[in-house]
Amino acid sequence: RALVDVLDARPDGEASGGVGVNLYRFEDAAGVVRRSLIQAGFSEAGTDAEGVRVRIMRLYVSQHQAMVYGGMQQVTNVPVAVYEVKIGPAEPFLIRSQPANINWNSTDTEAYAGYSLAIEGANHQLIDRLNTECRR
């Protein structure tokens, strides 16, 4: 499929949550998502009538803390990516990726890996949906 455009429609702009005491801003989210979709096999044909339009509605990471047996604290990173997708003239639909993972040290690397997992998960859902529709 042709990727017509990717727009950043996040209501909080570049603010993208935090891990530990670190707050993040995700600049050029549309560019990152566009490049990842092209790498996954989308073509860039800007005016295709059946093309795919993606609006990034949310892209952030948060943490959830829980006490586990023995009074130890377990922290889970929860990166989230939400896209609104429109294919040609069809009604738009939402895709949400939320791949939780254990947080060991509240590092930037863990946060960046979380963003990557969320984007990858949302992209896989989009590709799966397109593949399903092609089989009909």
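Tutor: A polar contact is a pair of N or O atoms within 3.5 Å; within protein, one must be able to donate a hydrogen and the other to accept it, and residues adjacent in sequence count only if both atoms are side-chain atoms. The structure is a predicted model in which local features need pLDDT of at least 70 and side-chain atom pairs count only at pLDDT 80 or more, while totals for chains, interfaces and linings use all residues. Residues are numbered from 1 along each chain as its sequence is written, and side-chain values use heavy atoms, with hydrogens and water left out.

Student: In what order do the elements of the protein run from the N terminus on?

Tutor: Helices (H or I, at least four residues) and strands (E, at least two) are taken as DSSP runs, numbered from the N terminus. The protein holds two helices and seven strands. Read from the N terminus on, their order is β-β-β-α-β-β-β-β-α.

Student: Among contacts between residues at least 6 apart in sequence, what percentage join residues at least 24 apart?

Tutor: Contact here means heavy atoms within 4.5 Å. Of the contacts between residues at least 6 apart in sequence, the part that joins residues at least 24 apart is 64%.

Student: Which element gives the largest share of the largest nonpolar core?

Tutor: A nonpolar core is a set of buried Ala, Val, Leu, Ile, Met, Phe, Trp, Tyr and Cys residues joined through side-chain atoms within 4.5 Å, and the largest one has 28 residues. Two or more of these residues come from each of strand 1 (3–8), helix 1 (29–39), strand 4 (52–67), strand 5 (73–87), strand 6 (93–97) and helix 2 (108–135). The largest share, seven residues, belongs to helix 2.

Student: Which residues does V54 touch, leaving aside residues up to four places away in sequence?

Tutor: V54 is among the residues with the most contacts inside the core, as are V52, Y83, V85 and L126. With residues up to four places away in sequence set aside, V54 touches L3, D5, V6, L7, L37, Y83, E84, V85 and L126.

Student: Which residues of helix 1 are buried?

Tutor: Buried means under 20% relative accessible area, exposed over 50%, and partly exposed in between (1.4 Å probe, protein chains only). Across the 136 residues of the protein, buried residues make up 35%. In helix 1 the buried residues are A29, A30, G31, V33 and L37.

Student: The backbone oxygen of which residue lies 3.1 Å from a polar atom of the side chain of S97?

Tutor: S97 lies in strand 6 and is buried, because its relative accessible area is 4%. Not counting residues up to four places away in sequence, S97 touches P79, V80, A81, L117, A118, G121, A122 and Q125. The backbone oxygen at 3.1 Å from a polar atom of the S97 side chain is that of A118.

Student: What is the phi of D28?

Tutor: D28 is found in the loop between strand 3 (22–25) and helix 1. D28 counts as partly exposed, because its relative accessible area is 45%. Just after helix 1, G41 takes a positive phi of about 125°. D28 is not a glycine, yet its phi is positive, at about 55°.

Student: How far apart in space are G20 and S62, C-alpha to C-alpha?

Tutor: G20 is found in the loop between strand 2 (15–19) and strand 3, and at 45% relative accessibility G20 counts as partly exposed. In sequence, G20 and S62 are 42 residues apart. In space, their C-alpha to C-alpha distance is 9.0 Å.
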